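Me: I have a model open in front of me and would like to learn how to read its strands and helices. Could you walk me through it?

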Amino acid sequence: MGGVGLSYVRFNASVSPYQGMVIDSKDNYFIFSSSLEKLYVYEANHNHEVGDVLSISGTKKELDFVTLESEFDFKDYLNRKGVYNELKYESIEVKFSNPIKVHAFKKDFISKFDDNTASVLSPLLFGDSKNSDFSDLGREMHLMRLVSSSGIYLSFIFLLINKLLSFLIKKEKWCTLASIGLLSPLFVLSFPRFIVIKFFVLKCIRWINKYPLKKKFKYLDILCASGILFLFINPNLARQDVFILSYFIPILSLFINGSFHFNKKWKMSLFVMISVALFFVPFSIKYYNELSLFSLPIQLLFTPLYIFLFFLSLLTLMKIPIYGFVSSYGNVMFSTLKFTNKFSVYIYTGSISEVGIFIYEIVFIALLFFASIRLKPIKQIVMVVFGALILYFMVPIQAIRQYVSFINVGQGDSTLVCYKNFTVLIDTGGIKKKDIATEVLIPYFKKKQIYHIDYLITTHDDFDHSGGVNSLIENFTVRHYINDYHAFPLNVNNFTITNYNTYSSLWDDENDFSLVLGFNLNNKDYLIMGDAPKKIETAIMKDYKYIPCDILKVGHHGSKTSTSDEFVRYLKPKEAVISCGKNNIYHHPHNEVIAILNKYKVRIRRTDTESTITF
């Protein structure tokens, strides 16, 4: 049994004992319920199961995670589940161990498949995400989120199993009950995943309503009542997209089937699919900051393939030894998806707020309503409003704005300059454990509706400034790459970037070569110091009587090797931006630098506390 040990440094706060139960278990953490409070506990490769009763000695603190620009916000994810604090443990004692080893079973089961197939089966079966090329392609096509969140695959599998069992069990009443029973192991393995709990609860209620109660209640009544019941039990569900999607999609389907009439069944099915896809549009924008022009036909093609893969995986759960066939089928899907991805056309949409999602859905539902009652004048007005909303997301409005963004890339530098659809990226940042280009920069460009970088400039070759160059050039459109001071001054479209460090031949340290770049945008003068040390600052002050500077990008992430008292007095900046990683091992920014900036009343902005900073 894992979990006992001194894995964390002791804090000043007193260590307290917490008694409670594990209510959710993932590979490297679990959610612990103690005295009606949900606590996040990090423990790598633990073996705790849902239902384990534990006694944990530790200290409680507010959730605090390092989240870079455009990354998945794990803190917000936990908050939406009602988890607001972390329990840093010193020791864990198991008071009761759940004899049903679901967590161990899932890990063993998924290990039987190759990485690509496992990355699809894990979220479909158990709601656990695993990264691979396959899952990345699924996300790009916006398939995994829609299929997993809506629960469509569960309904299709139930219908398939029910149809197969009908050849053996003639009475519909017992055939339906047997189908629920056959799928019940999935309930145990997926617990406490909401979409699966909801599916089984609804199936059981509908069986009771249809047979013992003789259809006393309509399906819509049952659907709404179950939703209210779930919210009463767990009000935090109202903040979770999986709840919204899993209820509104079937309600939308019921409304369409009851309000619209087509002479062909396939036309109705197609209309429902298109409506669901349109309903999903703002969520697609929220998750991916883009829309795929071919997402609907791809969803029509791949959703049945996903469902069949899920069905095959259920057979393997029942100990039918077809693991190799399932992996082969999964890889055929992967190859097909990869092929179709080559022809995809994406429109970068920018970000969308919760209010924006609400407005979109209200307008969309109003459009369907007025279309169903054939009230043409109002329907046409709503159609115009709906069309305007779609155009608003599709037209690259943000791309023509003028701004400077100091991107939160952790312990590194990356500055985006946008001038009338002309883009310059100064440095890329770089982190050994992740691809900073594909995981941070490119998602941010999508959010800003940027389709290309005109000039990529690296101030010098340190990894935390240039580590993402190769990946960015490979995965995004970069028209020009500059890493040589001879390219300056750079004049493009009446926009000029000047380099003030021309002393590279005098020094031999890497930071001494760092470009020092100045430019003016929106009547503000910016100075990007890279990692230039104090001796470069001294040389610059000697050769330039005056350098305009309203916004100073502080050198070397706030290290005391840069930003001398004399240099700040010389520049007289109004604001200073420090790009550094949260809780970084170098303790940047240093107190001496902060003191100097405060001395001259310079407003201090930090990416580790504010995330991305935009002027």
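Me: Let's begin with strand 18: which way do its residues point, and are they buried or exposed?

Reply: Happy to help, and do keep in mind that this is a predicted model. In a regular strand, side chains alternate between the two faces of the sheet. In strand 18 (residues 575–578), E575 and V577 point one way, while A576 and I578 point the other way. All of them are buried.

Me: Which sheet does it belong to, and in what order do the strands run?

Reply: The general idea is that strands of a sheet pair through backbone hydrogen bonds, either parallel or antiparallel. Here, an open sheet of 7 strands has the order 13-14-15-16-17-18-19, and its pairing is mixed. Strand 13 (490–492) and strand 19 (603–606) each have a single partner strand, so one side of each is left without a neighbour in the sheet. On average, neighbouring strands of this sheet are turned by 20 degrees against each other, direction ignored.

Me: How does strand 18 pair with strand 17 and with strand 19?

Reply: Strand 17 (residues 551–553) pairs with strand 18 in the parallel sense over 3 bridges. To find this pairing on screen, look for L552, whose bridge partner in strand 18 is A576. From strand 17 the chain passes through helix 20 (residues 565–571) to reach strand 18, a right-handed β-α-β crossover. Strand 18 is also parallel to its partner strand 19, with 4 bridges between them. There, I578 has R606 as its bridge partner. The route from strand 18 to strand 19 goes through helix 21 (residues 591–599), and this β-α-β crossover is right-handed.

Me: Where should I look for antiparallel pairing in this sheet?

Reply: Try strand 15 (residues 517–521), which pairs with strand 16 in the antiparallel sense over 5 bridges. N520 stands opposite D525 in strand 16. The hairpin of these strands has 2 residues between them, and N522 there takes a positive phi near 55 degrees. Another antiparallel pair is strand 13 with strand 14 (residues 495–499), over 3 bridges, where L490 stands opposite I497.

Me: Why is strand 16 described as largely enclosed?

Reply: Count its buried residues, where buried means under 20% relative accessible area. In strand 16 (residues 524–528), 4 of the 5 residues are buried, so the strand is largely enclosed by the rest of the structure. With strand 17, strand 16 pairs in the parallel sense over 3 bridges, and Y526 stands opposite I551. The chain takes helix 19 (residues 534–543) from strand 16 to strand 17, and this β-α-β crossover is right-handed.

Me: Which strands close into a barrel, and in what order?

Reply: There are 5 of them, closing into a barrel in the order 1-2-3-5-4, with mixed pairing. Neighbouring strands in this sheet are turned by 55 degrees against each other on average, direction ignored. Strand 4 (residues 53–62) and strand 5 (residues 83–96) form an antiparallel pair over 10 bridges, in which L54 stands opposite V94.

Me: And the helices: at what angle do helix 10 and helix 14 pack?

Reply: Helix 10 (residues 241–259) and helix 14 (residues 354–372) pack at an angle of about 15 degrees, with their axes 10 Å apart. That angle makes helix 10 roughly parallel to helix 14, and their crossing is left-handed. To see the contact, display L252, F255, I256 and S259 in helix 10, which meet F364, L368, F369 and S372 in helix 14.

Key:
Residues are numbered from 1 along each chain as its sequence is written. This is a predicted model: local features need pLDDT of at least 70, side-chain atom pairs count only at pLDDT 80 or more; totals for chains, interfaces and linings use all residues. Side-chain values use heavy atoms; hydrogens and water are left out. Buried means under 20% relative accessible area, exposed over 50%, partly exposed in between (1.4 Å probe, protein chains only). Two strands pair if DSSP finds at least two bridges between them. A crossover is right-handed if, with the strands pointing away from the viewer, the path from the first strand over the helix to the second runs clockwise. Axes are lines fitted to C-alpha atoms, for helices over the stretch in contact, and angles run from 0 to 180 degrees between N-to-C directions. Angles under 35 degrees count as roughly parallel, over 145 as roughly antiparallel, 65 to 115 as roughly perpendicular and the rest as oblique. A crossing is left-handed if the near helix is turned anticlockwise from the far one by less than a right angle, and right-handed if clockwise. Contact means heavy atoms within 4.5 Å.
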